[in-house]
Amino acid sequence: MKKIILLTSILACAAFANPYAKCVACHGANGETVAMGKSKVIKDMTKAEIVTALKGYKDGSYGGPMKALMKGQVTPLSDADIDAIANQIGK
């Protein structure tokens with residue numbers, strides 16, 4: 001039981017250490033996947049485009065068919081988290 005709790009704690013900390021970690025399931029490890037068959041390939045976006053998109057999803061001014069889903073994903077992100085994601089994935 002102690003091992004399970006420790007592993008869960010480590011995984012939770014790792015996810016928070018990298019704000020892109022929760023994006024991987026849909027967008028791929030390097031932003032190469034068309035999420036749910038509807039999104040852009042985010043690795044092709046510039047850092048500025050990623051920041052604009054994420055902040056727009058957060059404030060409701062950006063998005064298409066996945067707008068509601070993405071708003072829920074980005075709402076807890078800080079500006080520093082958004083910049084970190086853009087620096088990791090963007091050109």
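This report describes a predicted model of a protein, from its overall make-up to selected residues.

## Overall make-up

The protein has 91 residues, and 26% of them are buried. Its secondary structure consists of five helices and zero strands, so the order of elements from the N terminus reads α-α-α-α-α. Among contacts with a separation of 6 or more, 49% join residues that are 24 or more positions apart. The exposed surface of the protein comes to about 5,900 Å², and 65% of that area is supplied by carbon and sulfur atoms.

## The largest pocket

The largest pocket has a volume of about 510 Å³. Three elements each give two or more residues to its lining: helix H2 (24-27), helix H3 (47-59) and helix H4 (67-74). The lining counts 25 residues, and those nearest the centre of the pocket are His 27, Ser 39, Ile 42, Tyr 57 and Met 70. Sorted by class, the lining holds 18 nonpolar, four polar and three charged residues.

His 27 belongs to helix H2. Its relative accessible area is 10%, which is under the 20% limit, so His 27 is buried. Beyond its neighbours within four places in sequence, His 27 is in contact with Tyr 20, Glu 32, Thr 33, Ala 35, Ser 39, Ile 42 and Met 70. Ser 39, Ile 42 and Met 70 thus appear among the contacts of His 27 and also in the group that lies nearest the pocket centre.

## The aromatic pair

The structure holds one aromatic pair. It is formed by Tyr 57 and Tyr 62, whose ring centres are 5.0 Å apart; because the ring planes stand at 85 degrees, the pair is edge-to-face. The two partners fall into separate burial classes: Tyr 57 is buried, at 14% relative accessibility, whereas Tyr 62 is partly exposed, at 26%.

Tyr 62 sits in the loop between H3 and H4. Leaving out neighbours within four places in sequence, the contacts of Tyr 62 are Lys 40, Met 45, Ala 53, Gly 56, Tyr 57 and Lys 67. Its ring partner Tyr 57 is therefore also on the contact list. Tyr 57 is in addition one of the residues nearest the centre of the largest pocket.

## The loop between H2 and H3

Two residues of this loop are described here. Gly 31 lies in the loop between H2 and H3 and is buried, with a relative accessible area of 0%. Not counting neighbours within four places in sequence, Gly 31 is in contact with Tyr 20, Val 41, Ile 42, Lys 43 and Ile 89. Tyr 20 and Ile 42 are on this list and on that of His 27.

Met 36 is found in the loop between H2 and H3 as well. Its relative accessible area of 52% is over the 50% limit, so Met 36 counts as exposed. The phi angle of Met 36 is near 50 degrees, which is a positive value in a residue other than glycine.

## The C-terminal part

Helix H5 spans residues 79-89 and includes Asp 79. With 46% relative accessibility, Asp 79 is classed as partly exposed. Lys 91 lies in the segment after H5 and is exposed, with a relative accessible area of 63%. Apart from residues up to four places away in sequence, Lys 91 touches Lys 43, Asp 44, Met 45, Thr 46 and Lys 47. Lys 43 is a contact of Lys 91 and of Gly 31, while Met 45 is a contact of Lys 91 and of Tyr 62.

## Separations along the chain and in space

The table sets sequence separation beside C-alpha distance for four residue pairs.

| Residue pair | Separation in sequence | C-alpha to C-alpha distance |
|---|---|---|
| Gly 31 and Gln 88 | 57 residues | 9.4 Å |
| Lys 91 and Ala 48 | 43 residues | 8.8 Å |
| Asp 79 and Leu 54 | 25 residues | 9.5 Å |
| Tyr 62 and Thr 52 | ten residues | 8.3 Å |

Gly 31, in the loop between H2 and H3, is paired in the table with Gln 88. Lys 91, in the segment after H5, is paired with Ala 48.

Definitions and conventions: Residues are numbered from 1 along each chain as its sequence is written. This is a predicted model: local features need pLDDT of at least 70, side-chain atom pairs count only at pLDDT 80 or more; totals for chains, interfaces and linings use all residues. Side-chain values use heavy atoms; hydrogens and water are left out. Helices (H or I, at least four residues) and strands (E, at least two) are DSSP runs, numbered from the N terminus. Buried means under 20% relative accessible area, exposed over 50%, partly exposed in between (1.4 Å probe, protein chains only). Contact means heavy atoms within 4.5 Å. Accessible areas come from the Shrake-Rupley method with a 1.4 Å probe; for residues, only the protein chains shown count as cover. On a 1 Å grid over the protein atoms alone, a cavity is a set of points where a 1.4 Å probe fits but cannot get out, and a pocket is an open set with protein on both sides within 12 Å along at least five of seven lines; lining residues have an atom within 4 Å of a point. Grid points are joined across faces, edges and corners, and a volume is the space filled by probe spheres set on the points. Ala, Val, Leu, Ile, Met, Phe, Trp, Tyr, Cys and Pro count as nonpolar, Asp, Glu, Lys and Arg as charged, and the others, Gly among them, as polar. Rings of Phe, Tyr and Trp (its six-membered ring) pair if their centres lie within 6.5 Å; planes under 30 degrees apart count as stacked, over 60 as edge-to-face and the rest as tilted.
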